[in-house]
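The following exercises are to be worked with the sequence and coordinates at hand. Each task is followed by a solution in steps.

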Amino acid sequence: MDRADGLAHYRKRFADAETDVVYFDGNSLGRPPLSAIERVERFLRDDWGGRLIRGWDEAWLQMPTEIGDRIGRAVIEAKAGQTIIGDSTTVLLYKLARAAVDAQLARSPARREIVVDTDNFPTDRYVLDGIARERGMRLRWIEVDTSAGVTPEQLAEAVGPETALVVVSHVAYRSAYLADAPELTRIAHDAGALILWDLCHSAGSVPVKADLWGFDLAVGCTYKYLNGGPGSPAFAYVRDDLQEVLVQPIQGWWGTSDMFAMGPEYEPVPDIRRFLSGTAPIVGMLAMEETLAMIEEAGMPALREKSIALTEYAITLADDWLAPLGVTLASPADAEERGSHVTLHHGAMREVTARLWQQDVIPDYRDPGGLRIGLSPLSTSFEEVHRGLAATRDVLKTVLLERAGLA
C-alpha cells in the first residue's frame with residue numbers, strides 16, 4: 001500500500017521520518033516538516049535577528065492576509081479577501097459568534113437562540129454559553145449520538161424564527177462524523193439564521209468549499225493537519241458581503257483603517273482585516289506555510305483519497321485484531337461520513353493509551369473509553385498504521401489478562 005501511495009514521498013519531509021515512533025495524533029498536533037524547522041530557525045536568526053523592527057514594513061504586516069488568502073485558496077476554496085490568520089480558535093470563535101448574534105438581534109429582536117449540539121467541542125460550547133449570557137439569549141441544544149454528529153433532520157427540527165446563529169463542527173472531534181455542510185448551511189439559511197462552521201478537524205484533511213456551499217462564517221485551527229505547531233494561530237473566514245455588516249467585539253488597532261494614525265476613535269477597516277485586534281503572532285504563522293506548500297502541490301482531492309484509504313485500513317485491522325477483544329467502532333463506518341480520524345471504544349482504552357505512549361505509539365484518549373487515531377494524509381504511512389494497531393492489540397490483550405488475574 002505504501003508503494004502504491006502517490007503521497008508517500010511527503011512522509012520523508014517530516015522531522016521524525018527515520019524514527020520508529022507511531023504517531024496517531026495528527027488531528028491534535030501535527031508533525032513538524034523539516035523545512036518548517038529550518039524556516040523558523042532562519043527567521044529567528046536573519047529576519048527578526050537581522051532586520052529587527054524593519055521586518056514589519058518589509059513583510060510581517062501583510063502576513064495575516066497573505067497566509068489567510070493562501071488557506072482560502074488551497075484548503076477551504078474561498079476567494080481572496082475572506083480569510084485571515086488571527087488569534088486562537090477560542091478568540092476567533094468568540095469574535096465571529098458575538099458579531100453574528102449582535103447583527104441578528106439588531107435585525108430581529110426575536111432571534112434570541114443559538115443552536116449548538118451537545119457533543120460539539122467544549123470550547124465552542126463554553127464560548128456560546130458565555131455569549132448567550134452576555135446578550136440575554138438562550139442555547140438550543142441538539143442531542144447527538146457521540147459516535148456520529150448533527151444530521152440535517154436534527155437541524156431542521158431545531159431551527160426556526162427565533163434562531164440567530166447555528167454553530168456546527170464540520171468533522172466531529174470525538175467521532176470524526178463528517179457533517180453535510182451544504183445541506184446544513186441551506187437549512188440554517190432557510191430559517192433566516194447565520195451559520196458558523198468549526199473547521200478545526202477538517203482543514204487540511206477533508207475538502208471544504210466555503211464559497212460554493214454558501215458559508216457565512218468559519219473558524220479553523222492550524223496546528224492539526226496544517227502543522228503550524230503548538231499554539232499556532234487560527235484562521236477566520238467571513239463571507240465578503242458580511243464583512244461590513246458585522247461589528248467584531250474586540251476592537252484593536254490592527255483592525256483600524258489606519259493603524260499608525262493612532263486616532264482618538266476606532267474606525268474599522270472595510271474588509272477582512274477588521275476582524276484582527278492586536279499584534280499578529282508572526283512566529284506562530286511561519287511553520288504552517290511549509291505544509292500549505294505541500295497541500296498546494298498535492299491538492300486536497302489527493303489528500304482526501306489518502307485519508308479515506310488510511311482510515312479504511314485502520315478499521316479493517318481493528319475489525320480483525322481488536323473486535324474479538326471487545327473493541328467497537330465509535331466512528332461512522334461509511335467513509336463518506338467520516339473525517340481523517342477513527343475512534344475505537346473499549347472500557348480499558350485509557351490504560352491502553354498510557355501504556356502505548358511508553359512504547360512510542362501515540363494515539364490520544366477521549367471519554368468515554370475512546371482511543372482516537374488521527375491519520376494525517378501527508379505524514380502517515382500504512383506501515384505505521386499496521387505497527388500501531390498491532391501494538392494496540394498486544395497492549396489491550398495484556399491489560400485484559402492482568403484484569404482477569406491471568407497475566
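A crossing of two helices is called left-handed if the near helix is turned anticlockwise from the far one by less than a right angle, and right-handed if it is turned clockwise. The model used throughout is predicted.

**Exercise 1. Helix packing**

Determine the angle, the axis separation and the handedness for the packing of H1 and H8, and classify the residues of their contact.

Solution.
1. Helix H1 covers residues 34-51 and helix H8 covers residues 282-298; the angle between them is about 145°, and their axes lie 8 Å apart.
2. By the definition above, the crossing of H1 and H8 is right-handed.
3. On the H1 side, the contact is made by Ser 35, Ala 36, Arg 39, Val 40 and Phe 43, which meet Ile 282, Val 283, Leu 286, Ala 287, Glu 289 and Glu 290 of H8.
4. These contact residues comprise 7 nonpolar, 1 polar and 3 charged.

**Exercise 2. A candidate cysteine pair**

Explain why Cys 200 and Cys 221 do not form a disulfide.

Solution.
1. A disulfide requires two cysteine sulfur atoms within 2.5 Å.
2. For Cys 200, the closest cysteine sulfur is that of Cys 221, at 3.7 Å, which is too far for a bond.
3. In turn, Cys 221 has the sulfur of Cys 200 as its closest.
4. Cys 200 is buried, with 8% relative accessibility, and Cys 221 is also buried, with 2%.
5. A search of the whole structure accordingly returns 0 disulfides.

**Exercise 3. An open sheet and its edges**

Identify the edge strands of the sheet E9-E10-E13-E12 and state what lies across E9 and E10.

Solution.
1. The sheet is open, has 4 strands and shows antiparallel pairing.
2. Strands E9 (328-329) and E12 (364-366) are at the edges; each has a single partner strand, so one side of each lacks a neighbour in the sheet.
3. E9 is joined to E10 (residues 341-345) by 2 bridges in the antiparallel sense, with Leu 329 opposite Leu 344 in E10.
4. Helix H9 (residues 300-322) lies across E9 and E10 and runs at about 15° to E10.

**Exercise 4. The surroundings of strand E5**

Is strand E5 mostly covered or uncovered, and in which sense does E5 pair with E3 and with E6?

Solution.
1. E5 (residues 163-169) is mostly covered, since 7 of its 7 residues are buried.
2. Strand E3 (residues 113-117) runs parallel to E5 and is joined to E5 by 4 bridges; Glu 113 stands opposite Thr 163 in E5.
3. Strand E6 (residues 194-198) also pairs with E5 in the parallel sense, over 5 bridges, and Leu 165 faces Leu 194 in E6.

Note on methods:
Residues numbered from 1 in each chain as written. Predicted model: local features only at pLDDT ≥ 70, side-chain atom pairs only at ≥ 80, totals over all residues. Heavy atoms only, no water. Buried < 20%, exposed > 50% of the residue type's maximum accessible area, 1.4 Å probe, protein only. Axes fitted to C-alpha atoms, helices over the stretch in contact; angles between N-to-C directions. Contact = heavy atoms within 4.5 Å. Nonpolar A, V, L, I, M, F, W, Y, C, P; charged D, E, K, R; others polar. Pairing = 2+ DSSP bridges.
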